[in-house]
Amino acid sequence: MSGSRILPGALGALAFLAAGVVHADSVVAEKSEIDFTLKAMGVKFDGRFRKWKADVFFQPKALATSTAAIDVDLGSVDLASSESETEAKGPLWFDTAKFPVAHFASTSIRDLGGDRYEVTGKLMLKGITHDCAVPLTVSTDAAGNRVAEGTFSLKRLDYRIGEGEWADTATVDNDILVHVRMVLKPTG
Amino acid sequence: MSEHYNRGAITLHWVTAALIVANLLLGLSMVALPVSPRKLHWYLFHKSIGITIFLLTSLRIAWRTIRPHPAPVPMPPWQRRAARASHALLYVLLFVIPLSGWLYSSATGVQVVYLGVVPLPDLVGKDKALGDALRIVHVSLNACLFALVVVHVVAAIKHHFIDRDTVLVRMLPIVKAPGIVRP
């Protein structure tokens, strides 16, 4: 019978899935954040994303198997005013109608010493993919969670963020500072 | 015989007047613009002009203590009281309106950077409800200023054409009316 062959296969798959679950850190979403600061004519504008999803497995002793993958819902952008949010979602900026999600996937994690790490990976934003390096400092909070926090500079024009009338960097700086804070509850 | 205002006072008066008119128009136009680089520029100009008016008004107060204004033109006591009160209120508004704008900007989470170069400290933290309230305060105070400027201008014209006194002329930069002494 074929059933006797399917069952061990299914059990194997389940075991594999279970192992995957055990290995993923759970992200404490309410303590984590992804925000950014852009500068226009010397004036800073802060924003953040309300919705994103992170799959992180971080083990300082097993960096080779550690990974981070983050999906950011660009339509959840939170800015000073609703008209700025509408503009940010529009075709000149994120163009969320065509590109609703930004995706980051790590390719390697390097130990820089002294609780500092560098996560390198691919960032796909507005249909454009570039290599991206994120320096992180890792600490432990009072609840025993692992807190990974860092800031990196993203060149918005590399991803055609702010096109047309916004492309002039004399109005809006090319560098956007992205700040990431991930609070992880280690399960392994 | 009445005295002309001194040159410093005249200059400060007219520069402030020009900036007030420009900033009222700029403020009304910029809010109607769609989000764009132009809108950002106009906001920057508006805030910078506002802070400049605040600074010029401080300078005027200092200047008039060093170089006092000439004695008032003879007029009925109620008019003198009304003029004194409206001038005092104008000064107050020229301090309070830029401050309310600065507070409003802080509450919406946008730091004021004077002339795009000098960052001013945020007066309050980001707070949407407070921001909405301060917007109403800023707009209402400007409505008061506009009304008061209209009264100010109408009064000056009335003094000039009906009373035929030197109230207007002694504040003009170039015209020298007969019987008026320039200090």
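Start at the boundary between the two chains of this predicted model: 16 residues of chain A are in contact with 13 residues of chain B. Select β3 (43–49) and α2 (82–89) of chain A; these are the elements that give two or more residues to the side of chain A that touches chain B. Of that side, β3(A) gives the most, with four residues. Colour the side of chain A that touches chain B by residue class, and it divides into six nonpolar, four polar and six charged residues.

Next, hide chain A and show chain B as a cartoon. Chain B has four helices and four strands, and from the N terminus on they run β-α-α-α-β-β-α-β. Oriented along its principal axes, the C-alpha trace of chain B spans about 55 × 30 × 25 Å. Colour by burial: of the 183 residues in chain B, 19% are buried. For a contact map, take the pairs in chain B at least 6 apart in sequence; 67% of those contacts join residues at least 24 apart.

Bring chain A back and select A:A54, A:V56, A:M182 and A:L184, the residues with the most contacts inside the largest nonpolar core, which has 33 residues. Extend the selection to β4 (52–57), β5 (67–73), β7 (101–113), β8 (116–125), β9 (128–140) and β11 (175–185) of chain A, each of which gives two or more residues to this core. Apart from this core lies another, of seven residues; B:W102, B:A107, B:V112 and B:V113 are among them.

Finally, centre on A:M182. Leaving out residues up to four places away in sequence, A:M182 touches A:V27, A:S32, A:A54, A:V56 and A:A148.

Terms used
Residues numbered from 1 in each chain as written. Chains lettered and ligands numbered in written order. Predicted model: local features only at pLDDT ≥ 70, side-chain atom pairs only at ≥ 80, totals over all residues. Contact = placed C-beta atoms within 7 Å. Nonpolar A, V, L, I, M, F, W, Y, C, P; charged D, E, K, R; others polar. Buried ≥ 20, exposed ≤ 12 C-beta atoms within 10 Å, placed from the backbone. Core = buried A, V, L, I, M, F, W, Y, C linked by C-beta atoms within 7 Å.
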